Amino acid sequence: MNNGLAGTGALLRLALRHDRVMMPVWTLVTALMVVSMPGSLGSVYATAAERARAAASMNANSSMRALYGPVFDDSLGALTAWRGGVYAAVLAAAMSLVIVVRHTREEEETGRQELLSAAMVGRRAPLTAALLAALVANACVALLVAAGLAGQGAPGAVALGLAVAATGMFFACTAAIAAQLTESARAAKGITAAALGAAFVLKAAGDAGTGGGRSALTWASPLGWVENVRAFAAERWWVLLLFAAAVTVQAGAAYALAGRRDLGMSFLPSRPGPAEGRLGTAGALAWRLQRGSVLGWSAGFLIAGVVFGGMADGAADLVGDNDRTREIIERMGGQSGSGAQGALTDAFLATMAGMFGMVAALYAVSAVLRLSGEESGGRAEPLLANAVGRLRWAGGHLAVAFGGSALILLLAGLGLALGHGREPGAVIGATLAQLPAVWLIGALAALLYGAVPQYAAAAWGVAGGALALGWVGPALNLPQAVLNLSPFAHLPRLPGAQALDPVPLLVLTALAAALTAAGLGTLRRRDMIA
C-alpha cells in the first residue's frame, strides 16, 4: 500500500502550485459570500421583531423553502445559514469537482500523468494528491467561514463551516469515482455536476413539500444535510457523521476502482462513432462532440425554469412591503414599480432571467474552451492536417457555443412561462435578451484561446465574476459602478415596465462579434501547441 502512495507529497505540491490562483480565489469568494450575509440581512431586517416575522413568512412559503430551505431561528446567524449555507456548499462542491477531475482524469487525458508515472509514483498517488488538494481548499473555506461568523456565535460558525467543507469533500469523492468510470475529463465533470444538480432538486422538492427539513427527499440529498446541521439553531453535530460516512464509502470505492484499471483507461470507455456521413464537415463533428453537453444543459434549464416559474407568485407575496428586499430585487434585474403583485412578479421573473443568463455564460465558456481541450489533447492536429482549415474547425465549435446558448435560454424562458402559467412571449424575450452578454463572455473566451491559449482558462474567472456580481452584489449594496463591470448590468430588465432599449443589445452584440473575429484572427496566425 505504501508503494501505491509513493510520490503523493510531490504530486500534492504540484497540484497546489498549479491551482495557486484558482483555489484561493474560489475559496475567498465562497467564504465572503457567507460572511457578508449578516451585514446585508441586518440592513433588511433591522429588529428582532422584523426577523421573526420574516422567518415565519419564509417558513410558510413553499417557494422560498424550495429555493433556500427552512429557517430554524430568527437570529442573524441562523438567517445567514438559511440564505447562504446551501449555496456556499454548492460552490464548494463545484470547486472540489474541478480540482479532483483536473488532477486525475484530465492529467491522464492530456498524457502528463503518463510522464509523471514513469518516475517513482504509486498507482493511487494521483488520486490521493487530488483528494488532499480538495481537502486543503475545503479546510480553508471552513476556517474562513468559521472565523468570519464567529461574532454570531462560535458553535454555529464552526458547524456551518464544517457543513460547507464536508459537502465539498462529498462531491470531491463523487468526482473521484466519475474520473475512474469515464474516459474524458468533460464526462467526469458532467456526471458530477449532474449529481450535484440532482441533489439540489431533491432538497428543493423535499423542502417545498414539507417544512422543517423533515422530508425524506431532503434527507436523501447531501445539500439537505447542510440545512439539517441547523447552524446557529441548536446544532445537530451528528449530521456531520453522515458526511463522514458518505465520504469514506465513496473514497473507498474510488480507490478500489483506481486499483483495477490501467492508466488512461476507464470502466465506461467512449463508443467510437463513424467518421463519415453526418460527420463530413467540421461543424457536424463539433456538434457530435458537444451535443451531450447541449442537451444536458437544455434539459436542466427547462426544468429549472419550470421550478422557478412556479415560485414567482410566492416570492412576490414574501416581498410584501419590505422596501429593502424590493430594492435588492430591483438591483438584481427587476422593476417592482409601486409594489403591486403583478409588478413584483415581473421583478422576480426578470431577476430569474438574469440569473439564467449569468449561468448560461458558464456554458458558453465551457463550449468555447472545448477548442483548447481538443488542441491540448492532440485531437485537433490530425484533423487540421487534412483539408480542414483552422477557421472552419474553430467556427464549428463557436457555432455550437453561441447557438447552444440561445437554445438553453429559450428553453429557460419557456420553462418560466410554463411554471408561471402565462403567455411565453414576454418571458422568453426576457431570457433571450441576456444573449448579447452571454455571447460577449463567450467571445472573450475565444479571444483568450486564440491569442494566449495558456491563459484561456481565465475566461472562467470572467464568467464567475459576472455571476458573483449579479448574485451577491445587489444584496451587499455594492456601488452601481462596480455592478456595471458585468455586461449583464447593461441589459434591459424584462419583463416589466421598462421599455426595451435596443442600444445596449446592439453594442454588446457588436463587441462580441469583434472579439470573436479577433480570436479567430489570432488563432489563424499562431502555432498550435498540441
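In this predicted model, Arg102 and Asp19 are joined through their side chains by a salt bridge, with an N to O distance of 2.6 Å. The pair ties together distant parts of the chain, since Arg102 belongs to helix H6 while Asp19 sits in the loop between helix H1 (8–18) and helix H2 (22–35), and the two positions lie 83 residues apart in sequence. Arg102 has a relative accessible area of 18% and therefore counts as buried, given that the cut-off for that class is under 20%. Asp19, at 1% relative accessibility, is buried as well.

This pair belongs to a wider set, for a search of the whole structure finds 7 salt bridges. Side chains of opposite charge can pair when their charged atoms come close. Another of these bridges forms between Glu374 and Arg370, whose side chains meet at 3.0 Å, N to O. Because Glu374 and Arg370 are 4 residues apart in helix H18 (residues 370–376), about one helical turn separates them. Both Glu374 and Arg370 are buried.

A comparable spacing appears in helix H11 (residues 185–209), where Asp207 and Lys203 are 4 residues apart, about one turn of the helix. Asp207 forms a salt bridge with Lys203, and the closest N and O atoms of the pair are 2.9 Å apart. Asp207 is buried, and Lys203 is buried too. Salt bridges that share partners also bring in Glu227, so that Lys203, Asp207 and Glu227 make up one network.

Arg370 leads on to another buried position, Gln290, which lies in helix H15 (residues 282–319). Gln290 has a relative accessible area of 0%, which means that this residue is buried. When neighbours within four places in sequence are left aside, the residues in contact with Gln290 are Arg186, Ala367, Arg370, His397 and Val400.

The last step returns to helix H6 (residues 76–102), this time for its packing against helix H3 (residues 37–44): the axes of the two helices come within 9 Å and cross at roughly 110°. An angle from 65 to 115 degrees counts as roughly perpendicular, and H3 and H6 are therefore roughly perpendicular to each other. On the H3 side the contact is made by Met37, Pro38, Leu41 and Gly42, and on the H6 side by Leu76, Leu79, Thr80 and Arg83. Sorted by character, the residues of this contact comprise 5 nonpolar, 2 polar and 1 charged.

How values were computed
Residues are numbered from 1 along each chain as its sequence is written. This is a predicted model: local features need pLDDT of at least 70, side-chain atom pairs count only at pLDDT 80 or more; totals for chains, interfaces and linings use all residues. Side-chain values use heavy atoms; hydrogens and water are left out. Axes are lines fitted to C-alpha atoms, for helices over the stretch in contact, and angles run from 0 to 180 degrees between N-to-C directions. Angles under 35 degrees count as roughly parallel, over 145 as roughly antiparallel, 65 to 115 as roughly perpendicular and the rest as oblique. Contact means heavy atoms within 4.5 Å. Ala, Val, Leu, Ile, Met, Phe, Trp, Tyr, Cys and Pro count as nonpolar, Asp, Glu, Lys and Arg as charged, and the others, Gly among them, as polar. Buried means under 20% relative accessible area, exposed over 50%, partly exposed in between (1.4 Å probe, protein chains only). A salt bridge is a side-chain nitrogen of Lys or Arg within 4 Å of a carboxyl oxygen of Asp or Glu.
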